[in-house]
Amino acid sequence: MYSDLDIEAAIRAGVITREAGQALRDFVARSRATPGADEEQFRLLTGFNDIFVTIAIVLVLLALGWLGSSVSVSAGGAAVALASWGLAEYFTRRRRMALPSIVLVAAFVASVAEAGVMGLVAWRDGGGSDSQNAALLGLCAVVTAAAGYAHWRRFAVPITVALATGAGLGAIVLLLLWQFPALLGHTVPLVLSAGLLVFGFAMWWDSRDRLRVTRRSDVAFWLHLLAAPLIVHPIFNLLGLLRGSAAPPQSALIAVELYGVLAVAALVVDRRALLVSALAYVLYAITALLRGAGSLSSALALAALCIGVGLLMLSALWQRSRAPLVRALPPWLQAGVPPVFGV
């Protein structure tokens, strides 16, 4: 299986001409314009060697982080960040291994953030006001987002855009809290707004690859995976479902209905990632409903059964369910979502 990254690398190396590469992309796009194109494929494994290499990478990075942390609080994160970048030069840029690349970029971004935060904690030592701490944490998030962007420019791993976007939005929220401390009591709408922005950004990437044959589709996949919890979590929080006490049946019912709305949106944009990312929340809501109806001992199992059956039916009838929804959209909206295949 060859990805758009492989084709682009072959063009840069002079193995094929740019015209031949584009012709190959066009051929793949035409061949995928079939019912099988709705599988929402993304590259995760190229073979068992990916798993083997990933295990080795995790062991190396954990050891470096442990040894580095014995020197100073931020040295562990710095060591992991440098090692992750160095390993990516071979396993991502040269070997183009999917799973190791995902692990390496996640480790890189997380270790940059950890190095900054741990260094800040050691420097402040519990001092400073909440506003000042928000400003400094916002600066750490800016550095993390910039590091993610630099990684994207060098290696172009699709998940990087979602990681950098998450760090950038975190920086914006923290800097807003620094400038306007009164917003501290309104973080829920801030997070919801961030989720909607990420969803819009994901749709922009999707609209540039409606047939999903390039890495733009993979970038959009990870952005949708990020957007769903950012949208669902604050809504469930407003409904009182995340406060540790028994959830009101009315709120749980509204939450299930909202998941239905999310399912419609997922069908329209042809992204199952939206449903998977919010799955834990609706599982909690249905469990709360069943407990409210008196089924305490088996509430979680019954909730899992209901959701599992529903998702299996939806998967089996995915394109049939999409067709009337997409065709009901105005033409300018239809032009921004994947076409309906095989119905």
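**Entry 1: terms and the two positive phi values**

I count a residue as buried when its relative accessible area is under 20%, and I keep that cut-off at hand throughout, bearing in mind that the model is predicted. I started with Ala 156, whose relative accessibility is 10%, so this residue counts as buried. Looking up its place, I found Ala 156 in the loop between helix 6 and helix 7, and its phi is near 55 degrees, a positive value in a residue that is not glycine.

Which other residue did I note with a positive phi although it is not a glycine? Arg 96 has a phi of about 55 degrees, and I located this arginine in the loop between helix 4 and helix 5. Because its relative accessibility is 14%, I put Arg 96 down as buried.

**Entry 2: His 151**

From Ala 156 I moved to His 151, since the list of residues that His 151 touches includes Ala 156. His 151 has its place in helix 6, and with a relative accessible area of 0% I recorded the histidine as buried. Leaving out residues up to four places away in sequence, I wrote down Trp 85, Ala 88, Val 105, Phe 108, Ala 156, Val 157 and Thr 160 as what His 151 touches.

**Entry 3: the nonpolar cores**

Next I looked up the largest nonpolar core, which has 36 residues, and noted that Leu 61, Trp 205 and Leu 223 touch the most other members. At least two residues of this core come from each of helix 3 (48-69), helix 4 (75-91), helix 5 (98-124), helix 6 (130-155), helix 7 (159-179), helix 8 (187-207) and helix 9 (215-238). Which helix gives the largest share of this core? I found that helix 5 does, with seven residues.

I then followed Leu 61 by itself: apart from neighbours within four places in sequence, this leucine is in contact with Val 80, Ala 83, Ser 84, Leu 87, Leu 104 and Ala 107. There is also a second, separate core of 32 residues, and among its members I noted Met 203, Ala 263, Tyr 281 and Val 282. As background for this entry, I wrote that in soluble globular proteins nonpolar side chains tend to be buried together.

**Entry 4: two helix pairs**

For helix 7 and helix 8 I read that the axes come within 11 Å and cross at roughly 150 degrees, which makes helix 7 roughly antiparallel to helix 8. The crossing in which helix 7 passes helix 8 is right-handed. On the helix 7 side the contact is made by Val 161, Thr 165, Leu 169, Val 173, Leu 176 and Leu 177, and on the helix 8 side by Leu 190, Ala 194, Leu 197, Val 198, Phe 201 and Trp 205. I marked Trp 205 in this list, as this tryptophan is also one of the members of the largest core that touch the most others.

For helix 10 and helix 14 (residues 318-327) I noted an angle of about 90 degrees, with the axes 8 Å apart, and I therefore entered the two helices as roughly perpendicular to each other. Here Val 264, Ala 266, Leu 267 and Val 268 of helix 10 meet Trp 318, Ser 321, Arg 322, Leu 325 and Val 326 of helix 14.

**Entry 5: salt bridges**

How many salt bridges does the structure hold? I counted five, and took three of them in turn.

Asp 206 and Arg 212 meet through their side chains in a salt bridge of 3.7 Å, N to O. Asp 206 counts as buried because its relative accessible area is 3%, and Arg 212 is likewise buried, at 9% relative accessibility.

Asp 206 also forms a salt bridge with Arg 271, the closest N and O atoms being 2.8 Å apart. Arg 271 lies in the loop between helix 10 (249-269) and helix 11 (273-277) while Asp 206 lies in helix 8, so I noted that this pair ties together parts that are 65 residues apart in sequence. Both Arg 271 and Asp 206 are buried.

Arg 212 in turn pairs with Asp 270, with 3.5 Å between the closest N and O atoms. Since Arg 212 is in the loop between helix 8 and helix 9 and Asp 270 in the loop between helix 10 and helix 11, this salt bridge ties together parts that are 58 residues apart in sequence. Arg 212 and Asp 270 are both buried.

I closed the entry with the network: salt bridges that share partners join Asp 206, Arg 212, Asp 270, Arg 271 and Arg 322. Arg 322 had already come up among the helix 14 residues that meet helix 10.

How values were computed:
Residues are numbered from 1 along each chain as its sequence is written. This is a predicted model: local features need pLDDT of at least 70, side-chain atom pairs count only at pLDDT 80 or more; totals for chains, interfaces and linings use all residues. Side-chain values use heavy atoms; hydrogens and water are left out. A nonpolar core is a set of buried Ala, Val, Leu, Ile, Met, Phe, Trp, Tyr and Cys residues joined through side-chain atoms within 4.5 Å. Buried means under 20% relative accessible area, exposed over 50%, partly exposed in between (1.4 Å probe, protein chains only). Helices (H or I, at least four residues) and strands (E, at least two) are DSSP runs, numbered from the N terminus. Contact means heavy atoms within 4.5 Å. A salt bridge is a side-chain nitrogen of Lys or Arg within 4 Å of a carboxyl oxygen of Asp or Glu. Axes are lines fitted to C-alpha atoms, for helices over the stretch in contact, and angles run from 0 to 180 degrees between N-to-C directions. Angles under 35 degrees count as roughly parallel, over 145 as roughly antiparallel, 65 to 115 as roughly perpendicular and the rest as oblique. A crossing is left-handed if the near helix is turned anticlockwise from the far one by less than a right angle, and right-handed if clockwise.
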